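Here are my notes for your first look at this one. Keep the viewer open and follow along point by point.

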Amino acid sequence: MSNSLVPRQANRAAPRVSRGETTRFSVDDQKGYLTTMTAPDGSLQDLTIRMAKQGSTLAGMMDALGQAISLALRAGAPPEVFVGKFTNMRFMPAGLTDDPELPIATSLMDYVARRVAVDYLPAWQRAEMGILTADERRQQAGVEDVWTDLPGLAMSAPQEA
């Protein structure tokens with residue numbers, strides 16, 4: 001049964017030529033590839049998520065998620081809609097990532113949403129959503145890179161007699 005109060009939007013046709021970018025990622029030793037395609041105006045148009053363990057339930061679910069997001073994007077949904085829904089989702093695999101901008105993820109969906117936000121949303125919008133890169137968090141806290149002078153830090157430690 002369709003809701004007659006909500007107008008249907010026409011799907012945007014995929015252009016003949018589009019630009020894409022693939023990001024290799026790892027969340028808690030689960031490896032994958034996030035491929036994003038942009039429209040000529042630079043907006044996110046298509047998203048594909050491939051996990052390294054093909055044939056697994058996880059790979060199938062992430063592939064389906066990418067297809068669903070792509071359909072929504074083509075129907076006119078802005079990326080911030082799904083970024084807001086999938087950020088901070090908590091389930092395994094979760095933990096450390098190999099992405100220096102986003103070092104921790106609460107799930108694969110959380111990582112994908114944050115990566116898309118960093119790549120496609122302006123900094124002010126991400127800040128409102130609480131999505132900051134590691135550098136932006138350090139700048140916001142007024143902390144310099146604490147790892148640059150570890151030898152000097154060790155020399156300044158008090159000596160035991």
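1. Start with the overall order. Read along the sequence, the pattern is β-β-β-α-α-β-β-α-α-α-α, which adds up to six helices and five strands in the protein. Keep in mind that this is a predicted model. The protein has 161 residues, and 34% of them count as buried. If you take contacts between residues at least 6 apart in sequence, 44% of them join residues at least 24 apart.

2. Next, find the sheet. Three strands make an open sheet in the order 1-2-3, with antiparallel pairing. As a reminder, strands of a sheet pair through backbone hydrogen bonds, either parallel or antiparallel. Which strands stand at the edges? They are strand 1 (19-27) and strand 3 (44-51); each has a single partner strand, so one side of each is left without a neighbour in the sheet. Ignoring direction, neighbouring strands here are turned by 20 degrees against each other on average.

3. Now look at what sits on that sheet. Helix 3 (residues 108-120) packs on it and touches strand 1, strand 2 and strand 3. The direction of helix 3 makes about 140 degrees with that of strand 1.

4. Zoom in on the first pair of strands. Strand 1 and strand 2 (residues 30-38) run antiparallel and are joined by nine bridges. You can pick out partners yourself: F25 has G32 as its bridge partner in strand 2, and R24 has Y33. The two strands form a hairpin with two residues between them, and D28 in the turn has a positive phi of about 50 degrees.

5. Then do the other side of strand 2. Seven bridges join strand 2 to strand 3, and these strands run antiparallel. Here T38 stands opposite L44 in strand 3. This is a hairpin too, with five residues between the strands, and G42 in the turn has a positive phi of about 90 degrees.

6. While you're in that loop, click on P40. You'll find P40 between strand 2 and strand 3. Is P40 buried or exposed? The cut-off for exposed is over 50% relative accessible area, so P40, at 73% relative accessibility, counts as exposed. Try a distance as well: the C-alpha atoms of P40 and R19 are separated by 7.9 Å, although these residues are 21 apart along the chain.

7. Strand 2 is a nice one for seeing alternation. Q30, G32, L34, T36 and T38 point to one face and are buried. K31, Y33, T35 and M37 point to the other face and are not buried. Colour the two sets separately and the pattern is easy to follow.

8. On to the helices. The axes of helix 1 (residues 57-74) and helix 2 (residues 79-86) come within 9 Å and cross at roughly 145 degrees. Which residues meet there? From helix 1 it's L65, I69 and L73, and from helix 2 it's P79, F82 and F86. By class, this contact has six nonpolar residues, no polar ones and no charged ones.

9. Stay with helix 2 for its rings. The count for the model is two aromatic pairs. One of them is F82 with F86, a tilted pair at 6.2 Å centre to centre, with 50 degrees between the planes. Both residues lie in helix 2, four residues apart, about one turn of the helix. F82 and F86 are both buried.

10. Finally, the core. The largest nonpolar core has 27 residues, and those touching the most other members are F25, L47, I49, F82 and V116. The elements giving two or more residues to this core are strand 1, strand 3, helix 1, helix 2 and helix 3. Which element gives the largest share? That's helix 3, with eight residues.

11. One last residue to click on is L47. Leaving out residues up to four places away in sequence, L47 touches a list that includes L34, I69, F82, V112 and V116. You've met F82 already, in the contact between helix 1 and helix 2, and V116 as one of the core residues with the most contacts to other members.

How values were computed. Residues numbered from 1 in each chain as written. Predicted model: local features only at pLDDT ≥ 70, side-chain atom pairs only at ≥ 80, totals over all residues. Heavy atoms only, no water. Axes fitted to C-alpha atoms, helices over the stretch in contact; angles between N-to-C directions. Contact = heavy atoms within 4.5 Å. Nonpolar A, V, L, I, M, F, W, Y, C, P; charged D, E, K, R; others polar. Phe/Tyr/Trp six-rings, centres within 6.5 Å; stacked < 30°, edge-to-face > 60°. Buried < 20%, exposed > 50% of the residue type's maximum accessible area, 1.4 Å probe, protein only. Pairing = 2+ DSSP bridges. Core = buried A, V, L, I, M, F, W, Y, C linked by side-chain atoms within 4.5 Å.
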